[in-house]
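Hi,

Here is the structure I promised to pass on to you. Please have it open while you read, and my notes follow just below.

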Amino acid sequence: MAGSDHGEAARVSLFGRIFLLNALVLVVAAALLVFGPATVSTPALSREVLVLASGLVVMLIANAVLIRVGLAPLGRLTRAMTTIDLLKPGPRLQATGHGEIAELITTFNSMIDRLEAERGYSSAIALSAQESERRRVAQELHDEVGQSLTAVLLSLKRVADQSPQETREELLQVQETTRSTLDEIRRIARRLRPGVLEELGLVSALKALTNEISEPTGLAIRRRFDKNLPPLDAETELVVYRVAQEGLTNTIRHSGADEAELSLKARPSQVELTIRDNGRGIGTSQEGAGIRGMRERALLVGADLEVGAAPGRGTEVRLTVKAKGAGE
């Protein structure tokens, strides 16, 4: 019977709860008028008017307090609705309150769970398609465009060797321009499809990435890699590489930094990637597509990503991923 009574109380509607709260206040006020010592004469004396006004103020305050307490869970729900970010999963709201309020919070939590799952699935498909397209474009650049330019270089060299002196210098300049274009195409292909990652592993791929970025830009990048890093699966290694790539690209484009640091540290059953620069910092600016893309990649492998101010000055990106087999 006690459980049944609790179930009936929990099913009281929001309208019913507000009505009962107001009714309680009015009943108490009426009881005080009937059984209390206060009386009202005709015409009303100033003292009596003061007593009635004081009672009315107390009644309104009590009514406001009771309603605020009853609707407090709705305030928390409203704040959660305005601050929720599917790329930054957080703890769910506790389904406190009674009746419709608790049901509303529970429904909201279920909706967020469903939206996060759907977004994760959609992001996985989109990023997988993106990686496949990058691999295809890189392959075409390397095999078709690269081979064509290599053939052009050989032809230019043969023509230059057989040309008179006055035209040989011009042909040599064209040959150097073609060679520079071929090197740039190969660099783009490597960034689209990090073959070093598949062939030599994550540390070698990150070393190659920092060399490719620092040489043309002049950004001094310090590298720190712990020995005996826990093993990562292929998908997680790709996420770490892409986050490092995007983080260093953002440093060059937006930070104005001349120094950066990239590190891989071993943690218990985890690996931590840190990218730190000495630039102007992220400040209060909104996160752009690059950072949101990093967050989407981190969510795919259940990693934690933090982007904020670095100690002293600059920006720090910290990605923590689970080692292979951890949590299974």
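Let me begin with a loop residue. Ser269 is partly exposed, as its relative accessible area is 48%. Ser269 sits in the loop that runs between strand 2 and strand 3. Its phi is near 60°, a positive value in a residue that is not glycine. Please bear in mind throughout that this is a predicted model.

Asn228 also deserves a look. Its phi is positive too, near 55°, and Asn228 is likewise a residue other than glycine. This one belongs to the loop between strand 1 and helix 8. With a relative accessible area of 77%, Asn228 counts as exposed, because the cut-off for that class is over 50%. As background, most residues other than glycine have a negative phi, which is why I picked these backbone positions out for you.

Now for the overall picture. The chain is built from nine helices and five strands. From start to end of the sequence, their order is α-α-α-α-α-α-α-β-α-β-β-α-β-β. The chain has 328 residues, and 31% of them count as buried. Among contacts with a separation of 6 or more, 69% are between residues 24 or more positions apart.

Two pairs show how parts of the helical region meet. Leu21 belongs to helix 2 (residues 14-35). Although Leu21 and Leu66 are 45 residues apart in sequence, their C-alpha atoms are 6.7 Å apart in space. Neighbours within four places aside, the contacts of Leu21 are with Asn63, Leu66 and Ile67. The other pair is Val159 and Leu171, which are separated by 12 residues in sequence and by 8.0 Å from C-alpha to C-alpha. Val159 is part of helix 4 (residues 100-162) and is partly exposed, with a relative accessible area of 42%. Leu171, in contrast, is one of the buried residues of helix 5.

Helix 5 is made up of 28 residues and spans 41 Å from its first C-alpha to its last, close to the 40 Å expected at 1.5 Å a residue. Its buried residues are Leu171, Gln175, Thr178, Leu182, Ile185 and Ala189.

Helix 5 also helps to cover helix 7, so let me turn there. Helix 7 covers residues 202-217, 16 residues in total, and its end-to-end C-alpha distance of 23 Å is close to the expected 22 Å. Buried in this helix are Leu202, Ala205, Leu206, Leu209, Thr210, Glu212, Ile213 and Ser214. The elements that cover these buried residues include helix 5 (165-192), helix 6 (195-200), strand 1 (220-225), helix 8 (234-255) and strand 2 (259-267). Right after helix 7 comes Gly218, which has a positive phi, near 80°.

Which residues does Glu212 touch, leaving out those up to four places away in sequence? They are Arg187, Arg190 and Arg191. Glu212 lies in helix 7, and its relative accessible area of 15% makes it buried, since the limit is under 20%.

Glu316 is another buried glutamate, with a relative accessible area of 12%. You will find Glu316 in strand 5 (residues 315-322). Its side chain makes a polar contact of 2.5 Å with the side chain of Arg276. Beyond residues up to four places away in sequence, Glu316 touches Thr274, Ile275, Arg276, Glu306, Val307, Gly308, Ala309, Ala310 and Pro311.

Last, the pocket. The largest pocket has a volume of about 450 Å³. It is lined by 23 residues, and those closest to its centre are Asn250, His254, Ile282, Ile291 and Thr315. Helix 8, strand 3 (270-277), helix 9 (289-300) and strand 5 each give at least two residues to the lining. Helix 8 has the largest share, with seven residues. Sorted by class, the lining consists of six nonpolar, 11 polar and six charged residues.

I hope this helps you find your way around, and I look forward to hearing what you think.

Best wishes

Conventions: Residues numbered from 1 in each chain as written. Predicted model: local features only at pLDDT ≥ 70, side-chain atom pairs only at ≥ 80, totals over all residues. Heavy atoms only, no water. Helix = DSSP H or I, 4+ residues; strand = E, 2+ residues; numbered from the N terminus. Expected span 1.5 Å × (residues − 1). Buried < 20%, exposed > 50% of the residue type's maximum accessible area, 1.4 Å probe, protein only. Contact = heavy atoms within 4.5 Å. Polar contact = N/O pair within 3.5 Å; in protein donor to acceptor, adjacent residues only side chain to side chain. 1 Å grid on protein atoms, 1.4 Å probe; cavity = no way out; pocket = protein on both sides within 12 Å on 5 of 7 lines; lining within 4 Å. Points joined across faces, edges and corners; volume = space filled by probe spheres on them. Nonpolar A, V, L, I, M, F, W, Y, C, P; charged D, E, K, R; others polar.
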